[in-house]
Amino acid sequence: MNVTPDTRSTLDKYLPVLLGLLTALLVGKALKKTMWSLFGMYMALHYSGIHPFS
């Protein structure tokens with residue numbers, strides 16, 4: 001039976017998970033900002049009398 005202790009540090013173990021979560025957070029924030037910007041541009045056009053999708 002091989003009972004060697006895990007020699008990797010906690011940071012080495014969880015770094016890929018932390019990087020994945022950070023990437024997901026940043027992508028989510030970027031998507032949210034993009035969607036609000038597109039919505040704002042659409043509403044500005046809509047209220048100015050230009051209806052792009054009708």
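**Briefing: one helix and its surroundings**

Right after helix H1 comes Gly 49, with a positive phi near 100 degrees. This is a predicted model, where local features need pLDDT of at least 70, side-chain atom pairs count only at pLDDT 80 or more, and totals for chains, interfaces and linings use all residues. Residues are numbered from 1 along each chain as its sequence is written, and side-chain values use heavy atoms, with hydrogens and water left out.

**The chain overall**

- You'll find one helix and zero strands here; helices (H or I, at least four residues) and strands (E, at least two) are DSSP runs, numbered from the N terminus.
- Just 2% of the chain's 54 residues count as buried, where buried means under 20% relative accessible area, exposed over 50%, and partly exposed in between (1.4 Å probe, protein chains only).
- About 5200 Å² of the chain's surface is accessible, and 71% of that belongs to carbon and sulfur atoms; such areas come from the Shrake-Rupley method with a 1.4 Å probe, and for residues only the protein chains shown count as cover.

**Helix H1**

- H1 has 38 residues and should span 56 Å at 1.5 Å a residue, which agrees with the 55 Å between its end C-alpha atoms; the expected span is 1.5 Å times one less than the number of residues.
- A kink of about 35 degrees is centred on Pro 16 in H1, the bend being the angle between axes fitted to the seven residues ending there and the seven starting there.

**The nonpolar patch**

- Ten residues' worth of names would be a mouthful, but the surface patch includes Leu 11, Tyr 14, Val 17 and Leu 26, and together its members have about 980 Å² of accessible area.
- Patch residues have over 30% relative accessible area and no salt bridge; like charges are joined within 9 Å, nonpolar side chains (Val, Leu, Ile, Met, Phe, Trp, Tyr) within 5 Å.
- A salt bridge is a side-chain nitrogen of Lys or Arg within 4 Å of a carboxyl oxygen of Asp or Glu.
- Tyr 14 sits in H1, residues 10-47, and is partly exposed because its relative accessibility is 46%.

**Aromatic residues**

- The count of aromatic pairs is two; rings of Phe, Tyr and Trp (its six-membered ring) pair if their centres lie within 6.5 Å, with planes under 30 degrees apart stacked, over 60 edge-to-face and the rest tilted.
- Trp 36 and Phe 39 make an edge-to-face pair, 5.7 Å centre to centre with 85 degrees between the planes.
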